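Work through the following exercises with the sequence and the structure side by side. Each task sentence is followed by a solution that goes step by step.

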Amino acid sequence: MPAAGTSEKCCASWLPFGAAVLVPMILLVAMGLFSFAQARHDAELRAQRAAQALAEHALRTFRAHDLIINAVDKYLMDWTWADISSSRQLHEFFKGLIRNADDINTIFVVGPTGREGNSSLIFPLAPTDMRGRPFYEELRKQGELHISDPDIGRINKQRYFSFTRRLTSPDAAFNGVVSVSVNPGYFENFYKSMVETPTDSVALVRADGLVLARVPELPRAGSPVLPHFRGGLREAIAADPVAGTFTEDGSGDDVTRLYAYRRIGEYPLYASYGLSYAAIWATWRHTMLAFALVCLLAAVVLLAAATAVRRHNRRETEVAGQFSREIARRMAAEETSRSKDEFLATLGHELRNPLSSISAGVEILRREETPLPVRAEAVNIIGRQIDHLQRLLCDLLDVARTVYGKMNLDVHKVSLLDVAAGVAAQYAGALRGEVAISVGGSHALVNADVTRLRQIIENLVDNAHKYGAHTINLNVAELGESVELTVTDDGEGIPAALLPTLFEPFVQGDQTLDRAKGGLGLGLALVRRLTVAHGGTLHAHSAGPGQGSTFTIRLPKAAPQDAPNPRSEDAAPAGTPARVLVIEDQQDARETLRMLLELDHHNVETASNGPDGVAKFEFHSPDVVLVDIGLPEMNGYDVARAIRARPDGTHPYLIALTGYGQPEDIRRAHEAGFDRHLTKPVIYTNLKEILVRSTKRHTG
């Protein structure tokens, strides 16, 4: 949740900057869409106005052509075709009609048989036969007007398209045709004055889409016929036969244009004006440049405002953060102080209880009238309480080692079931009949430090016993590449609120004032850290108070090991008495150790400092020397070096006794010449076993 809250605050702090950029961008996009629509609309209006002007120009021209045709029709009303074909006067009359007319190439008439006629071009008309010509046959059958495809004159080699009508006859029978040969160049010269840009196009188009005249002029590939529009015009005419707009790639040049068209009066002809989209885009870009500058200025202003707001908010946040941090520091200091006071109170309680028992036991032993059975029980009580104190001290030191990465593991292949069975067999609560412990499962091997593995299991068993368990089950199972140990009990269970922090140091369930459950809250924290150090995992589960609990340890499975080679030293017999020198500056520690050694029939000498110890070693030549490291005048390392430096060739067994048990301390002890390193408080049974092995080696 804190991470999510931080992310939300970060997003909120950058939101004004995002808005300062996005809002102008959105406005620019909206303006761009609007301005392009406006530019296209303006282009449509310009194209429509141009098409209107073109249509009016063409209408005047074609109506003039109609006037010429009507004049010829009336002029020939009473003429015979023999007279028409032989009349030079008629030829001159035609020439007079088109004199100074740039829009007309020639005028000609053709009789009903298709062979007779006259024209303004030559006289007499060359023998010809018009039958079979499209315009002639169409008008012969029906119709009043025919506009031909563009062509090139056979005689004058000029481009033209014909504007042809029937001649009038009294009985409405076919009496020949009169035709005006229109010059496309006339329209093209006019169109050149109309285009706005070189990419615009102007065209005179027949209703079927055939282009009669066009600017810019297109190559004809050897034919005078220009391309048809590709369908856009015909579709637009079908939708609106008078006027409209459409978009199409231009005929012949593939330039995309916006076209406007308008019908030329009653004729099957249309004037078309096409504005290229390049020109429309250019207009749009010119307009957008101003919009872009405005939006850029707006973005700069908004960013400046957002920066100012963010700085203001940051200052407020920093002030609020400093206040919050100060409050948090005070609360943390108060919590640390409270935790320290609680821990010190707990530690004092946990230390005073065993010390009280030890003090009472010592008082019992001091009284001469105390019966032997009572003395024995007092000794047992003192031993148990010393074990308890040692456990407290070890837990504190081990937690500190795991925190600072000082924990070293002596890893070997070991059966997890065998270690669990060993803990169950030696657990004090089971021996006293306070709890029943069952062990079962697989003999799978794991790579582990046996001492630390026992410590893990002992802590879990002790925790279950402490919290009311009468039955504890230890079960080992193989799960693929892992080995799992479950410790299940019928104790008080674990509240759900405690599960998330169960493995943190100093975390315990609710304690009564008498602290009957005891402990420093370090056991489970140490179990987890030792498990993780072995590459494993630890999980706890409980159905709730009164439902018991289950702890599950999962460790990597080790490969099966070869059969062990028995060593003769593993079952060492009782050692022979040895000459022992104890060098210890603490009088009580020195004297109690001397008494224990003498009870085992060893010959013991003592010294309270380093120089005295070296002198007594030279005089007595002991077999074993127990040396405290922290000696006055001459420390234990120097004592060991002095003894090893003797030229007489004696090699006593040197054992270091110290309260420092880190790997660095052990290394220094071996470098100084010690054979063994024991950390205080020394368990005498371990020392006794070392003495047995050392005397066996010495006598051997």
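**Exercise 1.** Find which residues of α11 meet which residues of α12, and describe how the two helices pack.

Step 1. On the side of α11, the residues that take part are Arg-452, Gln-455, Ile-456, Asn-459, Leu-460 and Asn-463, and on the side of α12 they meet Gly-523, Leu-524, Leu-526, Val-527, Leu-530 and Thr-531, where contact means heavy atoms within 4.5 Å.

Step 2. Sorted by class, this contact of α11 with α12 has six nonpolar, five polar and one charged residues; Ala, Val, Leu, Ile, Met, Phe, Trp, Tyr, Cys and Pro count as nonpolar, Asp, Glu, Lys and Arg as charged, and the others, Gly among them, as polar.

Step 3. Two packed helices are described by the angle between their axes and the distance between the axes. Helix α11 covers residues 450–466 and helix α12 covers residues 523–533, and they pack at an angle of about 145° with their axes 9 Å apart. The axes are lines fitted to C-alpha atoms, for helices over the stretch in contact, and angles run from 0 to 180 degrees between N-to-C directions.

Step 4. The crossing of α11 past α12 is left-handed, a term used if the near helix is turned anticlockwise from the far one by less than a right angle, whereas clockwise would be right-handed.

A note on the model: it is predicted, so that local features need pLDDT of at least 70 and side-chain atom pairs count only at pLDDT 80 or more, while totals for chains, interfaces and linings use all residues. Residues are numbered from 1 along each chain as its sequence is written, and side-chain values use heavy atoms, with hydrogens and water left out.

**Exercise 2.** Is Ile-457 buried or exposed, and which residues does Ile-457 touch?

Step 1. Ile-457 lies in helix α11, and helices (H or I, at least four residues) and strands (E, at least two) are DSSP runs, numbered from the N terminus.

Step 2. Ile-457 is buried, because its relative accessible area is 0%; buried means under 20% relative accessible area, exposed over 50% and partly exposed in between, with a 1.4 Å probe and protein chains only.

Step 3. Not counting residues up to four places away in sequence, Ile-457 touches Leu-416, Val-419, Ala-420, Val-423, Leu-474 and Leu-485.

Step 4. Ile-457 and Val-527 are 70 residues apart along the chain, and their C-alpha atoms are separated by 8.1 Å.

**Exercise 3.** Describe Leu-479 in the same steps, and then turn to Thr-61.

Step 1. Leu-479 belongs to strand β15, residues 471–479, and is partly exposed, with a relative accessible area of 40%.

Step 2. With residues up to four places away in sequence not counted, Leu-479 touches Glu-484 and Arg-554, and its C-alpha atom is separated by 9.6 Å from that of Pro-556, 77 residues apart along the chain.

Step 3. Thr-61 is found in helix α1, residues 2–75, and is buried, with a relative accessible area of 5%. Leaving aside neighbours within four places in sequence, Thr-61 is in contact with Asp-103, Tyr-186 and Phe-187.

**Exercise 4.** Locate the cis peptide bonds at Pro-124 and Pro-216, and the positive phi values at Asn-100 and Lys-157.

Step 1. Most residues other than glycine have a negative phi, and most peptide bonds are trans.

Step 2. A cis peptide bond with omega about -10° joins Phe-123 and Pro-124, and Pro-124 is in the loop between β2 (117–119) and α4 (134–141).

Step 3. The bond from Val-215 to Pro-216 is also cis, with omega near 5°, and Pro-216 lies in the loop between β8 (211–215) and α6 (232–239).

Step 4. Asn-100 has a positive phi near 65°, sits in the loop between α3 (88–98) and β1 (104–110), and counts as exposed at 75% relative accessibility.

Step 5. Lys-157 has a positive phi of about 60°, is placed in the loop between β4 (151–152) and β5 (159–166), and is exposed, with a relative accessible area of 62%.

**Exercise 5.** State how many helices and strands the chain has, and what share of its residues is buried.

Step 1. The secondary structure comes to 17 helices and 23 strands.

Step 2. Of the 700 residues in the chain, buried residues make up 40%.
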